[in-house]
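Q: Could you take a close look at one part of this model for me? I'd like to follow a single sheet and whatever packs against it, step by step.

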Amino acid sequence: MTRCRICGGQVRKFFDFGRQPLSDDFRAEEDVAGAYYFQLAVGACASCSMVQLLEEVPRERMFNYDYPYHSSGSQRMREHFAQTARDLLAAELTGPDPFCVEIGSNDGVMLGVVKDAGVRHLGVEPSGGVAELARKDGVRVRTDFFEESTAAQIAAEEGRADVIYAANTICHIPYLDSVFRGVDALLAPDGVFVFEDPYLGDIVERHTFDQIYDEHFYLFTATSVRDVARRFGFELVGVKRLPVHGGEVRYTIARAGARPPAPEVEALISEEARRGLHDLDTLKGLGAGIDRICDDLVALLRDLRERGARVAGYGATAKSATVLNYAGIGADLLPCVYDTTPAKIGRLMPGSHIPIRSAAEFGRPYPDYAVLFAWNHTEEIVAREAEFTAQGGRWIVYVPSVRIL
Ligand code: SAH
Ligand code: TYD
Ligand code: ZN
C-alpha cells in the first residue's frame, strides 16, 4: 500500500504507465545504458483527495547542473512571465523595500522583469546550469532546493518575503510539508505565496495525460490545494485559471485570516465536486482515454509508414516521454524529433532513443507529417513553421484525440 505524502492516507492507483525513464534525461548514444527507470503510476488519496505519483524519484537525479529545460524557450511563455511579474509588482510589491522570492526560477525569465523594476529579489533554483543563465542576466539566484532549512536561512539573511512565487515547480516537490513550513518561516505576515501548476481539471477534460511524468509528482486541484494549505496554517484566497501549458491554475495563498478568500475559490471547489474530479471512477475514465489515444497514434504512424510517408516529431518535450514510452513508439515509427533547445540537440529521446535534431534543420527537407509533441505551443510553432504547411506538410496532434490538422 502506498501512503499519501500529505496525510498518510491510502493512495488508490488509477493508472499505471509501467517502467518509465526520466522525462528530461536526454542522453548521448554511448550513455543510454546508465539510464534510470522507475514505475510511473498515479493515484488519489482516499483521505485527503490529493492526486499524486506512487513512486518518488530522488530529486538530484532530475534537478542538477544538466537540467535541460529552459523557460525562455517559448515566446508565449516569455510574455506570460513578463505579465506575471508586472502583475505582482503592481499588486503586491508596492511597499518601501519589497522582497520577491521565486522557487524554481530556472533561467530567470520571470525574475528578470522584477530585477529590471529595481525590486529586491532572489531565485531558489537547484539546477546549476539554468541558474547560471539567470545570473548572466543579473538575476540573483541561490543554487539550492527550496525546503524548510533553505527558507529559514533566507529569512535570517535577507528578511521576510512579500511574495513567494513559483511556476511549474510546486507540483514537482513531493516534500510539500517542508515547503509549507519554509513558506511559514519566510513569508511576511501579510505576504502571499502564489503558485501555478497544471490543473487536474484540464488534464481530465482534455485528456492531456502526458502531463503525468516523473517531475509532476502532484496533479493539483483547488480542493486539494485548499486542504494542504490548511494543514500548515494557510488559506487558499485566490484561484485563476490560466491557458498556458494546456490549462493551469494559479493559486494565491495567505496566512489564515490575513485576507478574505475571493468568491472564485469556493466556485471552483464546488465545480470540482460537481464534476467528481477526485472520484476514482472519473480518474479511471482518464485512463481509458489514454489507451485510446496511444492505440490511435500507433495505428496512424504504422499506416503512414506503410504508405511511405516521411514522419517526424516536433518538440522534445518532457511530456512526450510518457506518450512515446507508454505507446511503445521508437525510431522505426518516428525516425527523429526536432527541437530548438541546445542541450537536447544531438541527444536521444529518453527510453525511445529517437534522435533529436535542431529545429533549424526541419526544412532540409520537410517531412510529410510532424507529430506536435509541444501541443501547448501549437500557435507559436505552427506560425513559426508556416513554410512547412505551405509546402504541403501536415501537423499531427494527439490531445484531446489523435487528429491531422
Ligand atoms: N518556473 C519555470 C521552471 C519550471 S521547471 C517555468 O515555469 O518555466 C521546474 C524548475 O523547478 C526547474 O528549474 C527545477 O530545477 C526547479 N526545482 C525542482 N525542485 C525544486 C525545489 N525543491 N526548489 C526550487 N526549485 C526546484
Ligand atoms: P514544453 O512543452 O514547454 O515543456 P515540457 O518539456 O515540460 O513538456 O517544452 C517545449 C519544448 O519544445 C522545448 O524543448 C522547446 C521546444 N520548442 C521548439 O522546438 N520550438 C518552438 O517554437 C517552441 C515554442 C518550443
Ligand atoms: Zn492524503
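A: Here's a walk through one sheet, the helices beside it and one residue in a helix.

First, some ground rules: this is a predicted model, with local features needing pLDDT of at least 70 and side-chain atom pairs counting only at pLDDT 80 or more, while totals for chains, interfaces and linings use all residues. Residues are numbered from 1 along each chain as its sequence is written, chains are lettered from A and ligands numbered from 1 in the order written, and side-chain values use heavy atoms, leaving out hydrogens and water.

Let's start with the sheet. Seven strands make it up, and it is open, with the order β7-β6-β5-β8-β9-β12-β11 and mixed pairing. (Helices, H or I with at least four residues, and strands, E with at least two, are DSSP runs numbered from the N terminus; two strands pair if DSSP finds at least two bridges between them.) At the edges you'll find β7 (141-142) and β11 (234-242), and each has a single partner strand, so one side of each has no neighbour in the sheet.

Now move inward. Strand β8 (residues 161-167) and strand β9 (residues 187-198) run parallel and are joined by six bridges. If you want a spot to find on screen, try Y165, which stands opposite V194 in β9. Packed on this sheet is helix α2 (residues 75-91), which touches β8, β9, β11 and β12 (248-255). Touching, or contact, means heavy atoms within 4.5 Å. The direction of α2 makes about 160 degrees with that of β8; axes here are lines fitted to C-alpha atoms, for helices over the stretch in contact, and angles run from 0 to 180 degrees between N-to-C directions.

There's another helix to look at. Helix α8 (residues 222-231) lies across β9, β11 and β12, and runs at about 155 degrees to β11.

Finally, zoom in on H80, which sits in helix α2. Is H80 buried or exposed? With 13% relative accessibility, H80 counts as buried (buried is under 20% relative accessible area, exposed over 50% and partly exposed in between, using a 1.4 Å probe and protein chains only). Leaving aside residues up to four places away in sequence, H80 touches E196, L242, V244 and R250. V237 makes a handy landmark too: it is 157 residues from H80 along the chain, and the C-alpha atoms of the two are separated by 22 Å.
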